[in-house]
Amino acid sequence: DQGIDNEREKHLPCYYKHHQLEKHYQMDLVVDDIIVELKSVSLPKLTEFKTFYFSYISALTEIDLSHTSYIEKAEFISGIALTNIKLPSEVKDLTLNGASKEIPIPYLEGVEKIKGTLYITNYKISSINLPLIKEIGTYQHSSVTGLQTLSFPDLEKIGTFSLSDTNINTLYTPHLTVIETLKWNSCYNLT
């Protein structure tokens with residue numbers, strides 16, 4: 001912080017007609033009493049990193065990590081405005097966590113192979129569409145309330161395909177030719 005006064009995820013009380021509400025406004029970053037809202041992040045000189053973790057950055061719409069040659073683990077939690085994540089063609093582990101909010105899954109641009117696990121959790125959505133991804137080591141999701149359609153239009157190979165306790169009734173994978181392990185449990189509506 002180099003002597004600069006700053007505070008992450010600061011809560012600001014909200015008022016209506018001079019009455020404080022139970023809800024609050026969460027600011028991404030406050031530096032010397034100036035509110036900083038991140039809208040876009042681009043890291044063109046970053047070549048690799050072990051763990052990338054973005055959590056509750058409410059105004060962020062785009063993250064560009066496409067210049068990175070290696071990402072071991074990337075986790076995105078509750079990116080309310082996040083619509084686009086640019087990634088390198090290969091990622092080891094990727095987690096998308098909706099924090100139990102009704103927000104869409106961001107568009108994943110550039111990534112074709114997830115060597116480890118693609119984990120999707122805590123979303124309230126009816127469909128997931130993940131184009132461009134051709135290979136996944138392990139796919140699993142949990143606590144995706146209301147999910148009916150799961151679509152991987154370009155997926156060709158998956159190591160472990162794990163679905164459990166889901167209401168999915170449509171699975172769309174027109175190019176899928178290889179599944180090494182299939183673990184489906186309590187998928188009552190899948191036909």
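Student: What share of the contacts with a separation of 6 or more comes from residues 24 or more positions apart?

Tutor: In this predicted model, such pairs account for 14% of those contacts in the chain.

Student: And what is the chain built from, in helices and strands?

Tutor: Zero helices and 18 strands. Of its 191 residues, 39% count as buried, and the chain exposes about 11,000 Å², with 48% of that coming from carbon and sulfur atoms.

Student: Why is threonine 95 called buried?

Tutor: Its relative accessible area is 12%. Buried means under 20%, so threonine 95 gets that label. You'll find threonine 95 in strand E10.

Student: What does threonine 95 touch, leaving out residues up to four places away in sequence?

Tutor: Ala74, Glu75, Phe76 and Tyr119.

Student: Then why is isoleucine 179 called partly exposed?

Tutor: Try the cut-offs again. Isoleucine 179 has a relative accessible area of 37%. Buried needs under 20% and exposed needs over 50%, so 37% falls in between and "partly exposed" is the right term. Isoleucine 179 sits in strand E18, residues 178–185.

Student: What makes isoleucine 179 eligible for a nonpolar surface patch?

Tutor: Patch residues need over 30% relative accessible area and no salt bridge, and Ile is on the list of nonpolar side chains. At 37%, isoleucine 179 clears the area cut-off. Together with Leu182 and Trp184, Ile179 makes a patch of about 270 Å².

Student: Back inside: which residues of the largest nonpolar core touch the most other members?

Tutor: Phe76, Leu94, Leu118, Ile120, Ile128 and Tyr139, out of 42 residues in that core. Strands E5, E7, E10, E12, E14 and E16 each supply at least two core residues, and E12 gives the most, with four.

Student: What is leucine 118 in contact with, setting aside neighbours within four places in sequence?

Tutor: Leu94, Leu130, Ile133, Ile136, Thr138, Tyr139, Gln140 and Phe152.

Student: How do you know that E12 and E14 count as paired?

Tutor: Pairing takes at least two bridges. E12 and E14 have nine, in the parallel sense, so they qualify. Within E14, serine 142 is the residue that stands opposite threonine 121.

Student: What makes E14 and E16 a pair?

Tutor: Use the cut-off of at least two bridges once more. Five bridges join E14 to E16, so the test is met, and these strands run parallel. Here isoleucine 136 stands opposite isoleucine 158 in E16.

Definitions and conventions. Residues numbered from 1 in each chain as written. Predicted model: local features only at pLDDT ≥ 70, side-chain atom pairs only at ≥ 80, totals over all residues. Heavy atoms only, no water. Core = buried A, V, L, I, M, F, W, Y, C linked by side-chain atoms within 4.5 Å. Buried < 20%, exposed > 50% of the residue type's maximum accessible area, 1.4 Å probe, protein only. Contact = heavy atoms within 4.5 Å. Patch = residues over 30% accessible without salt bridge, like charges linked within 9 Å, V, L, I, M, F, W, Y side chains within 5 Å. Areas by Shrake-Rupley, 256 points an atom, 1.4 Å probe, with all protein chains shown as cover. Salt bridge = Lys/Arg side-chain N within 4 Å of Asp/Glu carboxyl O.
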